[in-house]
Structure formats: C-alpha cells, structure tokens
Amino acid sequence: MQRFLLPMMFFAAGVLLYVTAGGLGVWLMRIANSAPAFWPANGLAVALILSVGIHRMGWVLAGIAAAGFVLQKLAGAGALGTWIALGDILEIAIVTIAAHRARLLGSGLQSIASVVTMIAILMVATVANAVMAAVGVALFRQVPVLDSVFMLWRLDMTSALLVLAPFFAIATPGRLDEIRQTLRHGAWARGLEYLALVAVILGAVVFMWWSGQSLISFFTAPLLWCAIRFGQAPTTITASCLSLLIILLTIAGEWPNAYSSQPLAWQLQRIELSLSLNTLPTLFIAAAMAGLHKSARALKQSQERLRYALAGSGEGVWDWNIATGETYFSDSWHEILGYEPGEIEPHERSWDHLRHPDDNTENRRRIADHLEGRTPRYSIEQRFRHKNGDWIWVLDRGSIVERDAEGRPLRAVGTLQDISRLRARQDELDRRAHHDSLTGLANRTSLIESFERWNREKRSFCFVLIDLDAFKPINDRFGHQFGDHVLLAIADRIRACIGKDDVAARLGGDEFALLIDAPQADTEFTARRLIERISEAIGYADSLVTTGASIGIAPASDGAPDFETTYRMADIALYDAKAAGGSIYRTAGSSRPSGQSRRGKPASALPGPAGEDPADYATGQGEDAADHRDGRKAGNRRLLP
C-alpha cells in the first residue's frame, strides 16, 4: 500500500504546485494584456524535486506535465499550449539534473564558482525552453522565431533566477540551527540593522512610486551593503523580493516608466534587465565575502589548533628573517627558558648568547647544511642557559619556508622544545646499558665497544684481566651485602690506580677488566699498584677482611688482535698467575704458556654472563700456593671478626 501511496503523493504534489504557480503566471499574463510577465512555476518545480529527492523526479514531473497540459487547455492555448508545456518540462529536467550533479543544493551559493554554476545552468535550460517555445509560436502562430525567442528567454531566465537563487542560498543543512544560534547569542543588533536596510529599500520604492521617478540604480548600494554585512541568503531574498515587487508594480501599471508609450512587454524587458544588472553583482559580492569569512574562520581555527597543539606539546615557535637576522620568539619559547615575553632581544644573536659554547660548532654546521640545501630541515639537540642559570637541553628544529627568485633562503620557521627530562632518561638508560649496576664501572658491552674503537684508532694499549683471590669465602661467611661492599671498595681502588682515559669494567662476580692506554712497561707498573691496593684491608661494620688479585695482561697494538683473541691471551696469563700462587701478574707471551684458561675452559672461551663469580672456579692449587706463601689457612685470607 505504501509503495502505491508515496508515488501518488509526489504526483499530487507536482499537480498542486504547478496548478497554483502556473495559475499565478497565467493571471499575471492576463493583467499584462497577454505579455509574458512572471512564470514562477518552473523554478518552484525544481525546488520541489530537489527537496523531495531527485530519484522521485519521474512522479513529480508526471504531475507537473498533467497539470501543465490541463492549465494550457483551460487557458485556450490549444496545441501551442501543449508545446509550451513540453518546453517547461524540458527546462525543469535540465535544471534539476544539472543542479543535482553540481551539488548546488546545500552549497548556499557561498562561493563564486557556485553562483557562476547556477547562472550557467539556468542560462542553458532557459535558452532551450525559449527556443522550443519560439519554434512552437512560429509553427502555430506564424510569428518569426527571432521576434519571440528573446522575450520568452527573458521571462524564463528572470523567473527562474528570482525563485531559485533564494532557494539555493537558503536550503543548506543546518540553516535552522544557524538561525537559532544567532538568535540565542542575542544578535538583535544585526537584525535591527537588516530591518533598517529593508525599510530604506521600501521607502525608496514608495518614494519612486509617489514621485513618478524610476531610479533602479539606487538599489545597488543597499543590496551591496546587504551582501557585505548579512551574506548570501538575506541578499538573495531581499533582491528577489525587490525585483518581484517592481515587476508586479510594472504589470499593474503603477511603476513610473519613461517609456510608458511602449508596449508592456518592452517595458518589462527594460526593467528586468536593469534589475538583473543591479542584483547579479550582489550575488558575486556576497559569495566573495562568504569565501573571505570562510577563509578567515579556517585560518582562525588553524591558528587555534596550532596554539593548542604547541601548548600541549610544550613547544615554542621562532620565525627567523635570515636576511636581517630579526627573529620572532613566541611566548611559549620565552617560557621554556624562564623569561617573560620581551626580555630576550628578537634577533638571531640571542641564540648565540643563550647557547652552550660547546654546542656552537655543531649548531653552525647544522644550520649551514640546511641553508645550503644539504639537509631537508634543521634539527639539533643543544644546551641553552635558563634564566635561573641552569643549562637545559632543548630540541631546536625548523626549515626554510621562503626563498627569493634565485633560490636564496629568506625566512625559516621552527620550534623549540625542552627535552631535559627526556635527555636525563636517555642518559640514565645509556648508563645502565653500559655500566655495572653495583660498582658503576663499565660493563661487558661497554668494554667491548671501547676495545673495538681503540682498535679502529690503531692505538697501542694493554688489556688487563683481574680476578680476586679468595673472594668466595667472604660471601659465604659475611653474606652478599658484605661482599658487595668489598666489590665497591675494590672498584674505587681500581679507579684510583688508572688514568682518566683508561677504561675499567666489571665483567661479573669478582672479575674485572681494564683497557690501559699505555705501553706494556707502564701497564705492568699499574698492575703492581693494583695488587698492592686491592690487598689492603677492607672494613665493614665490626669486621675487617683482605683479599688479593691475580692479573693477566695482554698487549694490543696496530688494530690487532680482536677482542676474543686478546681476552683469551689475558685469560691464559691470568691462569698462570693463579697457578703461581695468586696476588701477582703475568703478561701474555712472557709466562710459560699453559694452553688452558684458569677455569679449565678452552682458551677461546669468553667471560660468562654478569653475576658469574670467577673465583668460584679458581683452582685449588693456586689458592693453596697463596695460602702457604702468606701463612694463612686456605679459604680465610685473614678474616677478622
């Protein structure tokens, strides 16, 4: 049932609209002594179809066709009326389909392109209708085509424009909400201003009617003001109502006309041409103003989004005039460095005053690379002095945004971000990744990296491997807390015995390794100092303990050998030191090669994972020899309660 009723409703809507609007047009034509005056039916039919949906156009057109044929029959137009009705249906179909594809419905005529599109569509459709109607008049009334085509086109074009321009300007999504918002925010002043403008226009119409003077060009200024102040919708409504009022007064013979002796059709043609020349420019002005307002709103929204984004990210903005050196620093840029806006000179030299001296060279290189086109953007982490005197890490980045005709950079824009906390976290992670968590010495990874770097630099240095003697009994008797205290004390003693450029590492348990940037003789002297210092007593709470150190030394020079080979050589030397009684050092190549490491592993074995206790694997023979030499019981090493 619904599938039948809905089409019938659209058919009936087409009939009702066309009968009403067409009847008005026929009535006006009779008043004008059969002169084409105003025909709103076609424009209203297009508005109806676009409002209910173009997919229902067939049923609405069927109703319009039926009403048109009946209307022309009642008017006594005969076959010519049927021909004209077909022309009207053609015009309606062309405008409807073209406007739908051009998306005019909902455009609000808010752009010059939409206004031009609407006028072009109406021009093509009304020309087609006028030509078809003129051909019919020539066939059935023997009137030359050229004598009627312009008059018929003027009727169709003016009528369609007066109806559809307000429709396309008003029929936009959210129009009612926009009006409610305007009223809710108390925009009564603008409403009163618009009413005053309408009053001026009506007053001018009344004055011209009363004085018998027609000056249509007077309305240009009020309509332009309406376009500038109130936008497209009020402008099209005002212009259409004004034009329709003057056309109706002309049809009724009440509008003053200097050419009153001419036929009414000729008078209407002149008046409608004058009205078009006065109202069409206002449509373009209103569209241009709408575009400007839209661009301004978009720019404002973009600026607000940028401001919110920068505020959320904690970044400051700078804008650098490369030619003059003048630089804009945003408020957030000042805030990062602890300054109030205006406290820092807006010039590029302010960067140099604030930057850490050690970062100047790298900064100049990065800027030069970007300005000369070697990098797509400028970015550097550097230190700036805060107002409180502290150095803070910042990420300074930007890019060139303007060049001259020869490609020379003129302007660059960028941001500044405080990364002190991030840098501190990165430093801490790096420290944990490259340092022993207990002693703070380098770990295995850092030691290997330093070794490989020194090798690439072809340094002559020595790899030193240290293993504590009888460290396990300390842990067993006093606990790991005491043992950790001993390891910390020994780490401090190792630091005190080596140079500032040397590397000290803890490989795990009680095993340490050194990279000594010195010849073999100097390294052996350092080894003797290490043995002496490590063997000094260490106190903790009420206890005092001593331990010793066995050391293996492996020289490395000219980029060879690699780390594994060097470690194996030092490990063999250390095994020989352990076998000789401990608390001594041996140098690879100068001791009797044993072919075995101190742990009974193959000579190529690398140190075990962190936490492994090398002393757990020390040979009993080495410890016994050391105990006999010192006159102490094995496993005690003068442990004093």
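Two strands count as paired if DSSP finds at least two bridges between them, and strands here are DSSP runs of E at least two residues long, while helices are runs of H or I with at least four, both numbered from the N terminus. The model shown is predicted, with local features needing pLDDT of at least 70 and side-chain atom pairs counting only at pLDDT 80 or more, while totals for chains, interfaces and linings use all residues. Residues are numbered from 1 along each chain as its sequence is written, and side-chain values use heavy atoms, leaving out hydrogens and water.

**View 1. Strand 6 and strand 11 lie in a mixed sheet.** Let's start with Leu-465, which sits opposite Gly-552 of strand 11. Strand 6 (residues 461-469) and strand 11 (residues 548-556) run antiparallel, joined over 9 bridges. The open sheet around them has 5 strands in the order 7-8-6-11-12, with mixed pairing. Its edges are strand 7 (503-508) and strand 12 (585-587), each pairing on one side only. On average, neighbouring strands here are turned by 20° against each other, direction ignored; the axes behind such angles are lines fitted to C-alpha atoms, for helices over the stretch in contact, and angles run from 0 to 180 degrees between N-to-C directions.

**View 2. Another open sheet has antiparallel pairing.** Here 5 strands follow the order 2-1-5-4-3. Strand 2 (327-329) and strand 3 (378-385) are the edge strands, each with pairing on one side only. The twist from one strand to the next averages 25°. Over at strand 3, 8 bridges link to strand 4 (residues 391-403) in the antiparallel sense, and Ile-380 faces Asp-396 in strand 4.

**View 3. Asp-319 has a partner in strand 5 and another in strand 2.** What is the bridge partner of Asp-319 in strand 5? That's Val-413, while in strand 2 Asp-319 stands opposite Tyr-328. Strand 1 (residues 315-321) has 5 of its 7 residues buried, so to speak mostly covered; buried means under 20% relative accessible area, exposed means over 50%, and partly exposed is in between (1.4 Å probe, protein chains only). Strand 1 pairs antiparallel with strand 5 (residues 409-418) over 7 bridges, and 3 bridges join strand 1 to strand 2, also antiparallel. Strand 1 and strand 2 make a hairpin with 5 residues between them, and Gly-325 in the turn has a positive phi of about 85°.

**View 4. Helix 5 crosses helix 6.** The axes of helix 5 (residues 112-141) and helix 6 (residues 145-170) come within 8 Å and cross at roughly 145°. The contact takes in 22 nonpolar, 3 polar and 1 charged residues; Ala, Val, Leu, Ile, Met, Phe, Trp, Tyr, Cys and Pro count as nonpolar, Asp, Glu, Lys and Arg as charged, and the others, Gly among them, as polar. Helix 6 is mostly covered, with 19 of its 26 residues buried. Helix 6 also bends by about 25° at Leu-161, the bend being the angle between axes fitted to the seven residues ending there and the seven starting there.

**View 5. Gly-212 sits in a loop.** This loop lies between helix 8 (188-211) and helix 9 (220-230). Is Gly-212 buried or exposed? Gly-212 counts as partly exposed because its relative accessibility is 41%. Pro-256 is 44 residues away from Gly-212 in sequence, yet their C-alpha atoms are 5.0 Å apart in space.
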